[in-house]
Every structure is written in structure tokens, then in C-alpha cells.
Amino acid sequence: MKKKNVILLGASLESDNKGVNALGIGAITLISNTWDATINLLCLGDGVSKSITVKVKQKEVVVRINYFSKNDIKRSIIEAYKYKLFNRKPTSKISLLINSQDIAYDINEGDSFSDIYGLKRILRHFSDSKLMLLWKKPLIFLPQTIGPFNTFLGQKLGGHIIKKLDKLYVRDTKAFEFIDKLRKEKTLAIDMAVYMTPKEVDFEVASNTIGINVNGLMYLKNYKSMEGKYDNYVELLTVIVNKIITSNYKVLLIPHTYNKNTPNVEDDLEAIKLFLNDNKYDSNKISFLNEDYDAQELKYVISQTEFFIGSRMHSCIAALSTSVPTIGLAYSYKFEGTFKMFKQQNNVYNVSEIKKTEIEVLSDNILKKINLRENTKLDLIKENTRELLKLQS
């Protein structure tokens, strides 16, 4: 196996969003499977650079996390142009780091190479990619959602980078038409979080337990862009939990984007606490996870449940990839592509703007699937025999 210095972009190992961390660990897993690699993460922030050890399969990988500001990135872009035009050597820390690397991989936070999150987000990730290309580093996009690009600027920026990639992996087919118009080859691959190894923790999940991820984004509705979309999510959740409990199952509520000590505006744990405060359940029938576990630890807890219902996509991936029968209560089209790769696309329900009149039928369907979970589990076990993806350079 060749030795490589690798820079990883658009990833995090410390985010409150454990799905983003799962993507980062999955990417590290695939890179380590391809190269004998020294891995450097390039992160936006003012923290002190440090090393973190990540357990990948049967080995431990040391990853260096390097923090830089937006001004640092701008300075490096300017230095790249000065080098190109005047052969002036770079002096900034970020430019020297990039020039010491052999290859760059970019995750773009899984779905942020798009303009649906606004101009700032696409400019942020465009800058990372453009910086690598200016310094003439081979750039590969790891499996992710590309687009959609609904604006002229988004299409131009996105198209400019995509055409110059050395390799493009995608995890769903939604952007195929856009990519094909650019005459760019792409490889369809499963979400990288599938390859993340669970890490056992001292948390006992009782038998006959149904795991439910409560999505704080949908529950708390703290973003103006969410107005009206998830008004019936709380009622849907209540009906589902009530039916599960009355059917003699136990329920474990599991957060996946959260921080116990410093909750964020879409914090799943805060949503869970509100839900339990508003619904007085017997503590023998329903419980919740109240510790700050990392992505690998959460995957282990989820793997111990009989059945899983998730509203965060990567909580669902943690279940599907450990052969736990799963229902996705989707807020985005990205759920469908991922579930399809497990041949479970019929277990995705789009609950954006769900009507009150639809809740009873949907909750009944979910209960039926819980009762038929054994056959689904056997199907998932077959699907989870896939080999670890070997990245192409």
C-alpha cells in the first residue's frame, strides 16, 4: 500500500451533528483502506490544531485537525495566484500545509455542495475546492449529495468545480442530469457512514425496544425556512409512540444532533425532553439517551434496538448498516437514495407537510412493519455483506 499525505475537506470529528462526524469517520476509513495515509483535516475555526485517534476496523488512525479562518483561506487563494503569475513562494501556514499534501478529498458535509442552503454555504465550499485546484492538488469528491443548484450562480460555481475534479463519487441519483450535462463521469457509491465501526459503550438496551430518533430541526422549528413544513411532526411522533407502547414494546428515544451541555437551535435532546415533559409516560415503558456519546458510540446503541425509526438520515444509516429494520421519517429527498441502496426504499416516508388526516394511516403502517421486522432483518443482513469501498485515485 502506497504512503500518501492526504488532506480531507468538508469533514468534522467534533460537530454536534453526529451524522457529519460519521461521514468524517467513514471517509477516514475509506482513505485508510486505499492508502497508508497521513490524514490532515482542514477545518474552519479558531481552535488549536490537535491530533485525534480514530478507531477504523481493527486499527487506530491518528488524524491531525488543522483550524483556519476564512481570512486564512482568502490569503492562500491570493498566494496561489501570486505563485502562478509571479512564481512567488507561499509563506502562510495553510498554504504550506496544502503544498505538503499529495491528494485532497472533499465531503462537503455530505450535502453542502449545493445552493439550497444559501449563497454563503456554496461560496464556502467552492472556496475550499478552488483552493486545492489552484495549488494543483488532485481533488476527489467522496460519496455525497450533489446539488440541487437552483440559481445561476450556484450552477456556474458548482459546474466549474465538478468539471475539474479528478474523481466524483455520488450517493444518490438526483443530480445525474446536471452532472451529465457537464460531461463528467461519476461513480454511485453508498454513504460513507455505512463503513464507520460501532464502539461499544456501557449502556444496556432492554429487549423488545424500538429506537426512535427525534429530530430537533423538525420538532423545535427554530428556522424561518421551516415554517409550516413540520407543524404536525409532534403529533405524528406522539401517535407513533403511543401505538408502540400499547403494543407492548418499549421505546428508547435517541438524539443524533445534540450537545448535552450547550444545546444548539436544532438540538434533538432538547426536543426529546420537551416531548417527555408534554407526555407523561411510564418510565418502565419509555426512556431516553441522555449522555454525550460520539457517532461511533451512538451507532452501537442504535444497533442494539429491535427496530428503529429515524428523522435524521445518519441515525437511520447507523441502524440500516447494522441490520436493524428501519423506517425513515424523511425531511429531504436524500433519504430515498440511501434507503434504496439497502433495498429499503419502501420504508421511507416523507413527512414534510404531512396532514393530520394522514397520521393514523402512516402510524398503522409503521406498526405493521415493526411486527414483520424479522424478514426485513434477514434482507438487511444480506445487503450488509458488501466489501469496503476501495477509492480510485
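This report describes the overall fold, two helices, two buried residues and the aromatic contacts of a predicted protein model.

Because the model is predicted, local features are given only where pLDDT is at least 70 and side-chain atom pairs count only at pLDDT 80 or more, whereas totals for chains, interfaces and linings use all residues. Residues are numbered from 1 along each chain as its sequence is written, and side-chain values use heavy atoms, with hydrogens and water left out.

**Overall fold**

The secondary structure comes to 14 helices and 14 strands, where helices (H or I, at least four residues) and strands (E, at least two) are DSSP runs numbered from the N terminus. The radius of gyration, taken over C-alpha atoms, is 22 Å, close to the 21 Å that the globule rule (2.2 Å times the number of residues to the power 0.38) gives for 393 residues, so the protein is as compact as a globular protein of that length. Along the principal axes, the C-alpha atoms fill a box of roughly 75 × 45 × 40 Å. Of the 393 residues, 55% are buried, a term that stands for under 20% relative accessible area, with exposed meaning over 50% and partly exposed lying in between (1.4 Å probe, protein chains only). Contact means heavy atoms within 4.5 Å, and among contacts between residues at least 6 apart in sequence, 69% join residues at least 24 apart.

**Helix α1**

Helix α1 (residues 18-34) has 17 residues and reaches 24 Å from its first C-alpha to its last, close to the 24 Å expected at 1.5 Å a residue, the expected span being 1.5 Å times one less than the number of residues. The helix is mostly covered, since 17 of its 17 residues are buried. At its N-terminal end, Asn17 acts as a cap, with a side-chain oxygen 2.9 Å from the backbone nitrogen of Gly19.

**Helix α12 and its surroundings**

Six of the eight residues of α12 are buried, so this helix is largely enclosed by the rest of the structure. The buried residues are Lys334, Phe335, Gly337, Thr338, Phe339 and Met341, and what covers them includes β8 (187-188), β12 (307-310), α11 (313-320), β13 (326-330), β14 and α14 (373-383). After α12 comes Lys343, whose phi is positive, near 60 degrees.

Asn347 is found in the loop between α12 (334-341) and β14 (348-350), and at 9% relative accessibility this residue counts as buried. Its side chain makes a polar contact with the side chain of Gln344 at 2.8 Å; such a contact is a pair of N or O atoms within 3.5 Å, of which, within protein, one must be able to donate a hydrogen and the other to accept it, and residues adjacent in sequence count only if both atoms are side-chain atoms. Leaving aside neighbours within four places in sequence, Asn347 is in contact with Thr326, Ile327, Gly328, Phe339, Lys369 and Thr376.

Ile327 lies in strand β13 and is buried, with a relative accessible area of 0%. With neighbours within four places again left aside, the contacts of Ile327 include Phe307, Cys316, Phe339, Asn347 and Tyr349.

**Aromatic rings and charges**

Rings of Phe, Tyr and Trp (its six-membered ring) pair if their centres lie within 6.5 Å, and planes under 30 degrees apart count as stacked, over 60 as edge-to-face and the rest as tilted. By this rule the count comes to eight aromatic pairs, and two of these pairs are set out below.

| Pair | Centre to centre | Angle between planes | Arrangement |
|---|---|---|---|
| Phe113 and Phe149 | 5.9 Å | 90 degrees | edge-to-face |
| Tyr331 and Phe335 | 5.6 Å | 75 degrees | edge-to-face |

The pair of Phe113 and Phe149 links distant parts of the chain, with Phe113 in the loop between β5 (103-106) and α4 (119-134) and Phe149 in the loop between β6 (139-144) and α5 (152-164), 36 residues apart. Both Phe113 and Phe149 are buried, and ring pairs link these two with Phe141 and Phe178 into a cluster. In the other pair, Tyr331 is partly exposed at 22% relative accessibility, whereas Phe335 is buried at 0%.

A charge sits over a ring if NZ of Lys or CZ of Arg is within 6 Å of the ring centre and within 35 degrees of the ring normal. Lys4 lies over the face of Trp35, at 4.9 Å from the ring centre, and the charged end of Lys18 sits over the ring of Tyr258, 5.2 Å from its centre.
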